[in-house]
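Please find below a colleague's note on a protein model, written for a reader who is new to structures. Kindly read each point with the model in view.

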Amino acid sequence: GGGRGPPLAEFKPQEIANTAWAFARAGAMDARFFASAAKYATTQLHLFKSQEIVNLAWAFATLRIRAPDLFEQIEVEATARLAEFNPQELGNLAWAFAKAEQKAPRLFEAIAFEAAPRLHEFKTQELSNTAWAFATVNAKEGFCTALFEAIAAEAVPRMSHFKTQELANTAWAFATAGVEAPALFDALAAEAVQQLDLFREQEVANTVWAYATACVAAPDLFSA
């Protein structure tokens with residue numbers, strides 16, 4: 001309604017996704033735009049490329065805009081086309097669904113299946129985001145355990161590349177998922193000691209909680 005600006009149907013999917021992403025990056029909320037975007041994308045999602053789908057989901061999740069119909073449609077569309085998604089898109093899509101509190105078990109199971117053999121392509125932030133997302137919404141699912149074991153194997157030799165937030169999120173995720181990963185917890189504690197001066201208070205709290213919850217001793221970390 002209201003004759004202000006062109007109707008959204010005149011925009012291309014890329015323009016809609018980019019606009020949503022830009023609003024979210026700026027922390028700016030335009031209720032009218034997002035309502036129109038959700039309505040349009042829900043019926044036209046097949047026209048969106050993988051990156052556009054992810055940018056849209058990321059924007060709605062970042063601004064905490066509830067759009068269950070849109071997320072439901074994204075789950076269907078993305079699950080069918082997941083092979084098109086690159087590692088960053090897989091990680092960001094999982095993050096967006098978790099942030100939006102959308103369990104979407106079919107999508108998460110498909111992401112776990114798609115991501116596991118490709119984890120060597122994931123950057124440390126993508127490994128950490130993926131672990132955080134799965135632990136947040138699907139911690140107790142069987143498909144979660146296999147993915148976490150694969151993430152642990154990939155993360156341990158690369159632990160020195162993890163930033164403090166990635167270390168804290170990864171520790172929190174593994175403890176929350178209840179996955180036993182002694183090699184990961186050992187490597188993570190050793191790296192956390194090296195970077196302790198860089199940790200923010202919340203990151204320290206999350207990491208300490210994770211070790212206590214996972215019942216893993218980390219004397220060097222706790223005496224540091």
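The numbered points go from the whole chain to single residues.

1. The model under discussion is predicted. The protein chain contains 12 helices and 0 strands. Read along the sequence, its pattern is therefore written with the symbol α throughout: α-α-α-α-α-α-α-α-α-α-α-α.

2. On overall dimensions, a compact globule of 224 residues would have a radius of gyration near 17 Å, and the 19 Å of the protein chain agrees with that value. Along the principal axes, the C-alpha atoms fill a box of roughly 65 × 30 × 25 Å.

3. The balance between interior and surface deserves attention. Of the 224 residues, 50% count as buried. The protein chain exposes about 11200 Å², and carbon and sulfur atoms supply 52% of this area.

4. The contacts link distant parts of the sequence. When residues at least 6 apart in sequence are considered, 73% of their contacts join residues at least 24 apart.

5. As for charge, the protein chain carries 18 positive and 26 negative charges. The mean positions of these two groups are 9 Å apart.

6. Which residues have the most contacts inside the largest nonpolar core? They are Leu93, Phe134 and Phe148, in a core of 82 residues. Helix α3 (residues 50–62) gives the largest share of this core, with 8 residues. Phe134 can be followed further: leaving out residues up to four places away in sequence, Phe134 touches Phe148, another residue named above, as well as Ala94, Phe108, Ile111, Ala112, Ala139, Phe143, Cys144 and Leu147.

7. Is Asn129 buried or exposed? Asn129, which lies in helix α7 (residues 124–138), has a relative accessible area of 12%. The cut-off for a buried residue is under 20%, so Asn129 counts as buried. Apart from residues up to four places away in sequence, Asn129 touches Gly91, Asn92 and Trp95.

8. Ala24 is found in helix α1 (residues 13–25). With a relative accessible area of 5%, Ala24 is under the 20% cut-off and is therefore buried. Beyond its neighbours within four places in sequence, Ala24 is in contact with Trp58, Ala59, Thr62 and Leu63. Arg106 offers a further reference point: Ala24 and Arg106 are 82 residues apart along the chain, and their C-alpha atoms are separated by 26 Å.

Technical notes:
Residues are numbered from 1 along each chain as its sequence is written. This is a predicted model: local features need pLDDT of at least 70, side-chain atom pairs count only at pLDDT 80 or more; totals for chains, interfaces and linings use all residues. Side-chain values use heavy atoms; hydrogens and water are left out. Helices (H or I, at least four residues) and strands (E, at least two) are DSSP runs, numbered from the N terminus. The radius of gyration is taken over C-alpha atoms; the globule rule is 2.2 Å times the number of residues to the power 0.38. Buried means under 20% relative accessible area, exposed over 50%, partly exposed in between (1.4 Å probe, protein chains only). Contact means heavy atoms within 4.5 Å. Accessible areas come from the Shrake-Rupley method with a 1.4 Å probe; for residues, only the protein chains shown count as cover. Lys and Arg count as positive and Asp and Glu as negative; His and the chain ends are not counted. The place of a charge is taken as NZ of Lys, CZ of Arg, CG of Asp or CD of Glu. A nonpolar core is a set of buried Ala, Val, Leu, Ile, Met, Phe, Trp, Tyr and Cys residues joined through side-chain atoms within 4.5 Å.
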